[in-house]
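Where in a protein model is there room for a small molecule, and what surrounds that room? The report below takes up this topic for the structure shown here.

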Amino acid sequence: MRRAIADAEVGDDVLDGDPTTRRLEARVAELLGHEAALFFPSGTQANQVALGLHGTPGSEVIVESGAHILHYEQSGAAVLWGLQLRPVSTPDGLLTPELVEPVIRPKAPFYAPTSVLAVENSHNAAGGRVMGREALAALADLARASGLALHLDGARLWNAAAALQVEPAALAALADTVMVSFSKGLGCPVGSCLAGPTDLLGEGIELRRRLGGGMRQSGILTAAALWALDHALPRIGDDHARARRFAETVAAAGAVDVILPDSNIVMMDLRSGSAGAARRALAEAGLLVSIFGPRRLRVVMHWQVTEDDVAWAATTAARVLEDFG
Ligand SMILES: *Cc1c(COP(=O)(O)O)cnc(C)c1O
């Protein structure tokens with residue numbers, strides 16, 4: 001990847017275009033079954049531009065209650081676009097038409113009307129939970145019938161598709177716009193794409209620029225993403241097998257409650273002690289994990305985590321977490 005970055009052919013993407021970025025955008029559009037795609041410096045900026053394109057000020061965006069758009073985007077929807085987020089709680093991170101339909105609001109003098117439905121697949125806060133194609137198609141049908149735009153936060157769409165053993169387009173093409181990340185499981189230093197209709201993304205270039213996302217020799221970044229599509233994407237399913245092996249080893253040790261993963265994220269719930277103390281103890285043993293709640297830890301696999309790393313990490317976690325059972 002470093003070599004691909006060094007060798008990248010570049011131009012000025014704010015002025016007359018960067019050839020490597022053009023190539024990535026065309027390739028991603030095709031991979032996702034959309035007309036066009038635009039490269040962004042972050043998934044957050046791409047999600048926010050999608051909301052800005054779809055939502056009218058004063059309207060509502062329906063999200064699952066653990067959604068990235070709700071928790072980790074600095075209230076961007078409200079601050080940037082005058083949109084209100086309407087969280088819907090689910091037991092497992094998976095929105096359904098039965099849960100969404102009752103909260104869709106029509107235009108009326110006393111309501112904030114609904115303009116957008118945003119779905120996250122896989123769902124980070126739900127431990128990488130994967131929504132199946134039929135379930136997503138049912139939400140897409142509901143959105144269409146209700147006059148809502150459907151945005152797919154697919155930071156880990158690659159993982160969802162691999163877990164379901166379908167092409168990324170089988171999921172992505174169901175939505176009006178889809179964001180995918182290169183900086184998560186694909187291991188790039190920077191970047192996401194937003195895919196959608198050509199006309200809409202023409203306006204997207206303007207909103208991206210407004211948010212400071214116009215980039216010049218962006219080919220040094222998109223060369224990394226192209227490399228990742230060739231080398232990291234085809235093997236992304238390995239991360240799921242590794243996550244499962246990690247989860248099963250730690251679960252078998254019996255001290256903590258492990259949520260068996262659909263994809264590359266493992267959540268572990270401590271029965272005693274704090275997540276902060278467990279994180280420190282694991283770090284001392286050489287294993288870095290994230291805190292995801294007072295007693296919840298999160299572990300993520302990506303292509304630089306090897307088989308041997310996983311075997312070591314799982315036995316290390318099983319041993320250290322005995323003190324938190
Ligand atoms: C990481 C992430 C994003 C945002 O990506 P950044 O590049 O970190 O801004 C959006 N959605 C989900 C589900 C994510 O996990």
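What follows describes the ligand and its surroundings, then the cavity and the pockets, and finally one buried residue.

This is a predicted model, and the values below should be read with that in mind.

**The ligand and its shell**

The residues around the ligand are Ser42, Gly43, Thr44, Asn47, His68, Glu120, Asp153, Ala155, Arg156, Met179 and Lys184. By class, this shell divides into two nonpolar, five polar and four charged residues. Helix 3, which spans residues 43-54, gives the most to the shell, with three residues.

Which side chains place a polar atom 2.8 Å from an oxygen atom of the ligand? Arg156 has a polar side-chain atom at that distance from a ligand oxygen, and Lys184 likewise has a polar side-chain atom 2.8 Å from an oxygen atom of the ligand. For Thr44, the distance between an N or O atom of the side chain and an oxygen atom of the ligand is 2.6 Å. The ligand on its own has 380 Å² of accessible area, and the protein covers 86% of this.

**The enclosed cavity**

The structure holds one cavity of 30 Å³ or more, and the volume of the largest cavity is about 40 Å³. Its lining is made up of Val63, Glu64, Ala67, Ile69, Ala118, Val119, Glu120 and Asp153. Glu120 and Asp153 thus appear in the cavity lining and also among the residues around the ligand. Strand 2 (60-64) and strand 4 (114-120) each supply at least two residues of this lining, and strand 4 gives the most, with three residues. The lining of the largest cavity holds five nonpolar and three charged residues, and no polar ones.

**The open pockets**

The two pockets are set side by side here, with the residues that lie nearest the centre of each.

| Pocket | Volume | Lining residues | Nearest the centre |
|---|---|---|---|
| Largest pocket | About 220 Å³ | 13 residues | Leu287, Leu288, Val299, Val300 and Val305 |
| Second largest pocket | About 150 Å³ | 15 residues | Pro91, Asp92, Gly93, Ala125 and Ala126 |

In the lining of the largest pocket, nine residues are nonpolar, two are polar and two are charged. Strand 11 (296-300) and helix 14 (307-320) each supply at least two residues of that lining, while the largest share, three residues, comes from strand 11. The lining of the second largest pocket divides into five nonpolar, six polar and four charged residues.

**A buried threonine**

Is Thr177, a residue of strand 6 (residues 177-181), buried or exposed? Thr177 counts as buried because its relative accessible area is 0%, and buried means under 20%. The side chain of Thr177 takes part in a polar contact of 2.8 Å with the side chain of His54, and a polar contact, also given as 2.8 Å, joins the side chains of Thr177 and His151.

**Points to check in the model**

For a reader turning to the structure itself, the ligand contacts of Thr44, Arg156 and Lys184 can be inspected together. The side chain of Thr177 can then be viewed with its two partners, His54 and His151. For the cavity, strand 4 is the element that gives the most to the lining, whereas for the largest pocket the largest share comes from strand 11.

Conventions
Residues are numbered from 1 along each chain as its sequence is written. This is a predicted model: local features need pLDDT of at least 70, side-chain atom pairs count only at pLDDT 80 or more; totals for chains, interfaces and linings use all residues. Side-chain values use heavy atoms; hydrogens and water are left out. On a 1 Å grid over the protein atoms alone, a cavity is a set of points where a 1.4 Å probe fits but cannot get out, and a pocket is an open set with protein on both sides within 12 Å along at least five of seven lines; lining residues have an atom within 4 Å of a point. Grid points are joined across faces, edges and corners, and a volume is the space filled by probe spheres set on the points. Helices (H or I, at least four residues) and strands (E, at least two) are DSSP runs, numbered from the N terminus. Ala, Val, Leu, Ile, Met, Phe, Trp, Tyr, Cys and Pro count as nonpolar, Asp, Glu, Lys and Arg as charged, and the others, Gly among them, as polar. A residue is near a molecule or strand if one of its heavy atoms lies within 4 Å of it. A polar contact is a pair of N or O atoms within 3.5 Å; within protein, one must be able to donate a hydrogen and the other to accept it, and residues adjacent in sequence count only if both atoms are side-chain atoms. Accessible areas come from the Shrake-Rupley method with a 1.4 Å probe; for residues, only the protein chains shown count as cover. Buried means under 20% relative accessible area, exposed over 50%, partly exposed in between (1.4 Å probe, protein chains only).
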